[in-house]
Amino acid sequence: MNGAGTDPVRGQATEIARGWSAPGAPASWALTAAIFDALAHDEDLLALAADVPADRLPALLFCASAGYLIAEREPEGLIGYFPTEGDPQPAVDAAFEPAFRGFCLDHRDELAAVCARRRYQMNDVARTTQVALALGVVGRRHPGLGLHPDRYRHLMGDGRQFGDARSRLTLHCESDGPLAPPIPGEMPPIEARIGVDVAPIDVTDPDDLRWARACLPPETGSLDRFDRAARLVAAHPGHLRRGDAIEELPAILDAIPDDVLPVVTDTYPAVFFADEQRRRLRQLVRQWGDVRDLVWISLDPLVPLGVEGRHSVQALDVPENLVTEYQRDGVFALLGLVSFEHGHGSGTLLARAHPSGTRMRWLDQATGGAAAV
Ligand SMILES: C[S@@+](CC[C@H](N)C(=O)[O-])C[C@H]1O[C@@H](n2cnc3c(N)ncnc32)[C@H](O)[C@@H]1O
């Protein structure tokens, strides 16, 4: 068991289960919540997961590894709960939890082996809708800057759309709350895109694809988006490099021409960084912001990970009502925008979004969440 014991693992599993089973959540999200609930409710499973070192995200890595083995072994009595391509999402019932528990305990050695060789990586392309909305905000402030439209069509619940209208992938996003997100009229053009990942997924490698699918919530919409996006990304190779984001960032920023606005974008890595790594990231952004205009868009849950989450990874002020909602209702991400113009830094919380990226609430920037950085 890792030094921290089972409590942090239970806390993370509970936070995730709550976030996916909020009132009004689509029925197709019930299996994701049920998997994390099964872990949170069971001391034996928690003890297995707690063998995963804390910095490798025990609750998430354990459940992804279980999903990977279930997809491979197709155990009778359990595989039927998981979606198959083209079919409706199966329902979850009371027999799920004991079946999941039994499978994990019977396969504890194989589970430990998958946890040891893989890194948790949930990629949900629908999160790009929030990033695209933030880019639209940046574009309004910097007319003519060097960013570009995304390769997806973003369709909001009220029918408004933006992005690439001819894209083969449409990302749907429901918006609740009193404020409608401002839709970018035209996306600013992107001169170049550079992705960094310590363990990049090779979308042409079948086992990498199986692993990436296992990290996703077992939900028809999420799996379908992933398959379509993986095909789209395979047609545009060469933007992703292997490395540590914080170590690579200075050289990447150095290489960007002076007349192009660098936009550092992170969706769900910074939440998993150690405190010291996050401090270093904020420090790097500030250092570069002192000498050139720069933007940092973050879509990350509150830290620390788990039900105690209360701080923004960008160290922006988080209004108390959002902290209360987070600790009560489970995981969501904050969409934060930090920008430096002529050496002056400012930060704004734009929205809160479900981890799937398919639901969001635009925040009133007049009532908190903004800060000088
Ligand atoms: C939860 S996934 C998020 C992926 C994607 N950005 C999204 O939101 O759908 C986090 C990713 O960050 C990567 N990662 C974790 N630590 C990193 C680091 N220090 N530098 C670069 N990548 C890292 C992981 O390998 C993983 O692919």
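This passage looks at a pocket, a helix and a few backbone oddities in a predicted model.

Start with the second largest pocket, which has a volume of about 370 Å³. Its lining is made up of 18 residues, and those nearest the centre are Ala22, Asp176, Arg352, His354 and Arg361. Several elements chip in with two or more residues, namely α1 (7-20), α12 (320-329), β9 (344-353) and β10 (359-362). Of these, β10 supplies the largest share of the lining, at three residues. As for chemistry, the lining of this pocket splits into nine nonpolar, six charged and three polar residues. Where does the second largest pocket sit relative to the domains? Domain 1 (6-117) and domain 2 (125-198 + 243-372) both give residues to its lining, so the pocket lies between them.

Next comes helix α9, which runs over residues 220-234. The helix has 15 residues and reaches 21 Å from its first C-alpha to its last, close to the 21 Å expected at 1.5 Å a residue. A good number of its side chains are tucked away: Ser222, Leu223, Arg225, Phe226, Asp227, Ala229, Ala230 and Leu232 are buried. Two charged residues, Arg225 and Asp227, are on that buried list. The cover over the buried residues of α9 includes strand β3 (170-176) and helix α8 (206-215).

The backbone has some quirks too. Most residues other than glycine have a negative phi, and most peptide bonds are trans. Against that background, the peptide bond from Val303 to Pro304 stands out as cis, with omega near 0 degrees. Pro304 belongs to the loop between β7 (294-301) and α12.

Two non-glycine residues have a positive phi: Tyr268, at about 70 degrees, and His342, at about 50 degrees. Both are loop residues, with Tyr268 between β6 (263-267) and α11 (275-291), and His342 between β8 (333-341) and β9. Which of the two labels, buried or exposed, fits Tyr268? Tyr268 has a relative accessible area of 10%, and the cut-off for buried is under 20%, so Tyr268 counts as buried. His342, on the other hand, comes in at 75% relative accessibility; the cut-off for exposed is over 50%, so His342 counts as exposed. In short, the positive phi turns up at a buried tyrosine and at an exposed histidine. The loop that holds His342 leads into β9, one of the strands that give two or more residues to the lining of the second largest pocket.

Key: Residues numbered from 1 in each chain as written. Predicted model: local features only at pLDDT ≥ 70, side-chain atom pairs only at ≥ 80, totals over all residues. Heavy atoms only, no water. Helix = DSSP H or I, 4+ residues; strand = E, 2+ residues; numbered from the N terminus. Expected span 1.5 Å × (residues − 1). Buried < 20%, exposed > 50% of the residue type's maximum accessible area, 1.4 Å probe, protein only. Contact = heavy atoms within 4.5 Å. 1 Å grid on protein atoms, 1.4 Å probe; cavity = no way out; pocket = protein on both sides within 12 Å on 5 of 7 lines; lining within 4 Å. Points joined across faces, edges and corners; volume = space filled by probe spheres on them. Domains from an automatic or database assignment.
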